[in-house]
Amino acid sequence: MKEWLLKMIKEKEEARAALKAKGKASTSIDEVRALGNQVEVLDKELAEFRNQLEALPDEAPPATTGASAPAHPQPQTVEQPPEFDQRQVQIPQGQLNVLATYGIVRSHVPEEPEKKNKEAAELAEKRGQALKEMRSVTVGTSNIILPAYQASDIKPYFNEVSSIIDRVNQKPLPGGESFRQPYEAGAGQGDYTTEGNDYANADQTFDYADITKAKIAAYSEDSEEVTRLPAADYDAAIMKSVPKSVRKKITKEILVGTGAANHLAGIFSAAATAINAATDLSISEIDETTLDEILYTFGGDEDVEDVAVLVLNKLDLKAFATLRDADGEKIYTVVNKGNTGTIDNVPFIINSACKAISSGSSNEGDYAMAYGPLSNYTLAIFSDLEVQRSLDYKFKQGMIAHRGSIFCGGNVTAKNGFLRVKKG
């Protein structure tokens, strides 16, 4: 018995050393953790074997002469310790006298299913034979408290920032307070004249859009426990979320900003004075003529614009995509590319600030879509987006503060630069 235990301890120590060496050479965090778990299992098995070895007397007991042979021949695939009479071994009280141990995994190399099934059957037969002979059998090891594991990465949430912020006309004006953008409001028209008479008046008309500074900020706190203890880097995720929160606010204000003090003037706002409210289009439902109605209503009398973008709610995009004719065929071809895509080759951008025409929660008169070149909206950047992290605030409580801020402003800077679509 003693020789068998020493042999098993040696095998386990060699396997443990090999796993340790492999872990030091590995560059994968997941592989290192998996190898660590295997080392923990081997440590427990080594402790069990050493306890059994310590429980043995200094000299091996004499062999029992009257022991009967097993009823069935033992398979040779699993090595057995020598058998002896339990009555001749003095075991300290409280120790487990394990005469046979089965099911010990000696290799972590994947095996073929047929081989594994055959070995499982042989092990089951051995356990049954040992129980008939009144011997103790260990069928597995387990912890009373199950181990808990944590992922080292953080899964991101769905996109919450419309790409409209990256498509409008961005004008860097560091240190500025306000900005005035002039634009053409119309051109005069010549007329007939005769010799000696006055020329027809054809003055060009101009107007301007004012953009004033607004401050948009975001703030978040976490504790030092979140920073120092978890396996996943929550603190880095919070740092990324601060500028994301600022961008999320700006993408909505480009459409619905009121234009009041310290606010952007959105496309749907009355503060967007470049747009004549009389040009707004009302649509009560999305049907087979809706897209054509929008395209041919926007712009001047001499052109159909081909560089414009349709900004709409995702629910209205769904209405375009699911619209069918009498034969069940799709009326519109919608190509989705995340936040953007095309409807019959007309580019679109999804923005949840739009009130959906197809939604029962929107009301008559709510602005639902905007159609036009996004360069007709100017986003003036008066400062960089600054993100700071501080340990000073609430230092006594161990709280870490994160904040981000930007000074910017925005307005429509082209005459009737967008067609605004209302729910009719």
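**View 1. T258 sits in the loop between α6 (234-256) and β7 (281-283).** The model shown here and in every view below is predicted. T258 is partly exposed, with a relative accessible area of 49%. Beyond its neighbours within four places in sequence, T258 is in contact with E253, H263, L264, S269 and A271. F268 is 10 residues away along the chain from T258, and their C-alpha atoms are 8.4 Å apart.

**View 2. N262 belongs to the loop between α6 and β7.** Its phi is near 65°. That is a positive value, in a residue other than glycine. Is N262 buried or partly exposed? N262 counts as partly exposed, at 44% relative accessibility.

**View 3. The whole chain gives the setting for the close-ups, with 8 helices and 16 strands.** The chain has 424 residues, and 34% of them are buried. Its accessible surface comes to about 26,600 Å². Carbon and sulfur atoms account for 51% of that surface. Consider the contacts between residues at least 6 apart in sequence: 75% of them join residues at least 24 apart.

**View 4. Strand β15 (residues 399-412) is mostly covered.** Of its 14 residues, 11 are buried. Which way does β6 (residues 214-223) run against β15? The two strands run antiparallel, joined by 10 bridges. One bridge pairs D222 with I400 in β15. Strand β13 (residues 377-381) is also antiparallel to β15, with 5 bridges between them. Here Y377 stands opposite V412 in β15. Strand β14 (residues 386-390) is joined to β15 by 5 bridges, again antiparallel. S390 has A401 in β15 as its bridge partner.

**View 5. K423, in strand β16 (residues 419-423), is a charged residue that is buried yet has no salt bridge.** What is the nearest side chain of opposite charge to K423? The answer is D366, which is 6.9 Å away. A salt bridge needs a nitrogen within 4 Å of a carboxyl oxygen, so a separation of 6.9 Å does not qualify. The side chain of K423 does make a polar contact with the side chain of S362, at 2.9 Å. Apart from neighbours within four places in sequence, K423 is in contact with I283, A356, I357, S359, S362, N363, E364, G365 and D366.

**View 6. N339 lies in the loop between β9 (334-337) and β10 (340-343).** At 15% relative accessibility, N339 counts as buried. The cut-off is under 20%, so N339 falls on the buried side. Which side chain does the side chain of N339 meet in a polar contact? The partner is S163, at 2.7 Å. Not counting residues up to four places away in sequence, N339 touches N159, S162, S163, F348, I349 and I350.

**View 7. D344 is placed in the loop between β10 and β11 (346-350).** Phi of D344 is near 50°. The value is positive, and the residue is not glycine. D344 is partly exposed, with a relative accessible area of 34%.

**View 8. A salt bridge joins the side chains of E13 and R50 (2.5 Å, N to O).** E13 lies in helix α1 (residues 2-25) and R50 in helix α2 (residues 29-55), so the pair ties together parts that are 37 residues apart in sequence. E13 counts as partly exposed, at 37% relative accessibility. R50 is partly exposed too, at 36%. Side chains of opposite charge can pair when their charged atoms come close.

**View 9. R16 and D43 meet through their side chains in a salt bridge (2.5 Å, N to O).** R16 is in helix α1 and D43 is in helix α2, so this pair links parts that are 27 residues apart in sequence. R16 is partly exposed, with a relative accessible area of 27%. D43 counts as partly exposed, at 30%.

**View 10. D210 and R180 form a salt bridge between their side chains (2.8 Å, N to O).** D210 lies in strand β5 (residues 205-212) and R180 in strand β4 (residues 178-186), so the pair ties together parts that are 30 residues apart in sequence. D210 is partly exposed, at 38% relative accessible area. R180 counts as partly exposed, at 47%. Elsewhere, salt bridges that share partners join D280, R420 and K422 into one network. A search of the whole structure finds 11 salt bridges.

How values were computed: Residues are numbered from 1 along each chain as its sequence is written. This is a predicted model: local features need pLDDT of at least 70, side-chain atom pairs count only at pLDDT 80 or more; totals for chains, interfaces and linings use all residues. Side-chain values use heavy atoms; hydrogens and water are left out. Helices (H or I, at least four residues) and strands (E, at least two) are DSSP runs, numbered from the N terminus. Buried means under 20% relative accessible area, exposed over 50%, partly exposed in between (1.4 Å probe, protein chains only). Contact means heavy atoms within 4.5 Å. Accessible areas come from the Shrake-Rupley method with a 1.4 Å probe; for residues, only the protein chains shown count as cover. Two strands pair if DSSP finds at least two bridges between them. A polar contact is a pair of N or O atoms within 3.5 Å; within protein, one must be able to donate a hydrogen and the other to accept it, and residues adjacent in sequence count only if both atoms are side-chain atoms.
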